Amino acid sequence: ANKFVAEGHRVSIFAREFRKTNLADRLSPQIHLYIGCGDNDCKENVDALHNVYVKENVQIVVNQWGLPYKPIRLARKAEKNHKVKIISFHHNDPATNGRLNAIELKLKENKSFLKKILFMIQRKVYHTITSFSMRYTYDHSERFMVLSNSYLEHLRKFINVPEESKQGVLTNPVTVDKGDYIYSQEKKEKSILFCGRLDNVQKCPVRVLEVWNNLSPKFKDWSLYFIGDGPDRSFLEHMAKEKNLQNVYFEGFQNPVEYYKKASILAMTSDFEGFPLVLAECMNFGVVPCVYNSFAALHDIIQDKENGLIIEKENGLFSSEKMAEELSKIMHDESKLRAMAKAAVKTSENFSIDTIYDRWEKVLSEITACS
C-alpha cells in the first residue's frame, strides 16, 4: 500500500473490524484507514464501505481474503450505483486449509476403523463447504490470484473451473526495510529462529522444539528463538520446561528485523503454507532457511543445499530426526553456512518491493482496460 502511494496511486484500507495490531503505525499518512463494525455484511458495514467507494472514488478493490465468501459479498453489496472491479487473493495452497489439515492429521493418527470413517465423512463435508465458499468468491471477482504458479492447477481442481484469464499469480514482496544492513557472517550469532504464529494446527512450532531436543545436547553454544505469539504459546513454553531444553527463548510478537540481523538459520515446520513472506524476508538478511517440504511454492524460493535446506517427508510425515540431521551438517560447517547465506541474499532480490510492484502495475493496467 505504501509503495502504491509512493508511485502516485490513491489508496484506502477498509478493515471490517478493529484488531489490536500495529498496522496504522506502518501506513503512509496519505493512506486512509477505515474500520467497519464487524466480520459480516450487515447494513452498517455495507453503508460504511459504500461511503468509502464514493468518497475515495474507488475503482479497484483488493480482497485479501479469498476463501470466506463474506468479504466478497460485502464488497459487492456495497457497490450499489458505484461499480468496482475486484481482485481476490488466496494466501495459502487452495487445496488445503486449517480445518482440512486437522482432519488429515486425525486420519493419520487414529487407528479406529469407525472413527476413520467419521473423519472421512467430516473431511468430505468440509471440503465441499470450503470449495463452495472459494468458488463463490472466484465467481464474483474479476481476478482471482494465488501466490505461486504451482497453485493454479490446485485452484482449478479444488473449485472445478477450467483454465481462464481471470486466474493469476502475484507473490508477496519483501517489505521489511533493511536500512543500511549489509550481510556479514562475522556479525551473525549461533542462533536458530522460528518466526510466525504459535499454532500447532498449521505452523507446528512444536516440531521445532522436537528438533531442538535432538540438537541442543550437541550444540550447547547455539540458541533457539521463537518470534511470534498464538494459541499454543503456553503449551510450547511448558514443553520446553518439562524437557529441560536449554537456550530456548520465547520473545512474543516483535519486529523481526533485529532478530534477522543476528540469526544464522530459520526453521519452518508448517503443515501447509501459501508463499510465506518470512522466507524471503529472512533470506534478505542472510538467514539460511530450513523448511519442511509441505507446500509446492517452497520450490519457487529455495534450491536445496544451495540457498537453504528442504526437509523431505518420511513415510508421508514430518521427521524431527531428519531435520536435526540436516541442520547439524551446516551448523558444523561454517564455510557451507556462509555460502548458503550469500546465495540466500541473492535469491531474495527476486522478491524486492520494486520487482513485485512492477507485476502489480501490469495486473492493474489489464483490469482497468477491461470493459
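Guide: Let's start with a term we'll need later: a crossing of two helices is left-handed if the near helix is turned anticlockwise from the far one by less than a right angle, and right-handed if clockwise. Keep in mind, too, that this is a predicted model.

Visitor: Okay, I'll park that. How do strands join up in a sheet, and which order do they take here?

Guide: In general, the strands of a sheet pair through backbone hydrogen bonds, either parallel or antiparallel. Here, 6 strands form an open sheet with parallel pairing, in the order 9-8-7-10-11-12. Strand 9 (248-252) and strand 12 (309-311) are at the edges; each has a single partner strand, so one side of each lacks a neighbour in the sheet. From one strand to the next, the twist averages 20 degrees.

Visitor: What joins strand 7 to its partners, strand 8 and strand 10?

Guide: Strand 7 (residues 191-195) runs parallel to strand 10 (residues 265-268), and 2 bridges join them. Across that pairing, Leu 193 stands opposite Leu 266. Strand 7 also runs parallel to strand 8 (residues 223-227), this time with 5 bridges. There, Phe 194 has Phe 226 as its bridge partner.

Visitor: Is strand 7 buried or exposed?

Guide: Buried: 5 of the 5 residues of strand 7 are, so the rest of the structure largely encloses this strand. Look at which way they point: Ser 191, Leu 193 and Cys 195 go one way, while Ile 192 and Phe 194 go the other.

Visitor: Which helices touch strand 7 and strand 10?

Guide: Try helix 10 (residues 277-284), which packs on the sheet and touches strand 7, strand 10 and strand 11 (288-292). The direction of helix 10 makes about 170 degrees with that of strand 10. Then there's helix 12 (residues 320-332), lying across strand 7, strand 10, strand 11 and strand 12. Helix 12 runs at about 165 degrees to strand 12.

Visitor: And how do I describe helix 10 packing with helix 13?

Guide: Two packed helices are described by the angle between their axes and the distance between the axes. Helix 10 and helix 13 (residues 334-348) pack at about 120 degrees, and their axes are 7 Å apart. That angle makes helix 10 oblique to helix 13. Now for the term we parked: helix 10 passes helix 13 in a left-handed crossing.

Visitor: Which residues meet there?

Guide: From helix 10 come Ala 280, Met 283 and Asn 284, and they meet Ala 344, Val 345, Thr 347 and Ser 348 of helix 13. Sorted by class, this contact has 4 nonpolar, 3 polar and no charged residues.

How values were computed:
Residues are numbered from 1 along each chain as its sequence is written. This is a predicted model: local features need pLDDT of at least 70, side-chain atom pairs count only at pLDDT 80 or more; totals for chains, interfaces and linings use all residues. Side-chain values use heavy atoms; hydrogens and water are left out. Two strands pair if DSSP finds at least two bridges between them. Helices (H or I, at least four residues) and strands (E, at least two) are DSSP runs, numbered from the N terminus. Axes are lines fitted to C-alpha atoms, for helices over the stretch in contact, and angles run from 0 to 180 degrees between N-to-C directions. Contact means heavy atoms within 4.5 Å. Angles under 35 degrees count as roughly parallel, over 145 as roughly antiparallel, 65 to 115 as roughly perpendicular and the rest as oblique. Ala, Val, Leu, Ile, Met, Phe, Trp, Tyr, Cys and Pro count as nonpolar, Asp, Glu, Lys and Arg as charged, and the others, Gly among them, as polar. Buried means under 20% relative accessible area, exposed over 50%, partly exposed in between (1.4 Å probe, protein chains only).
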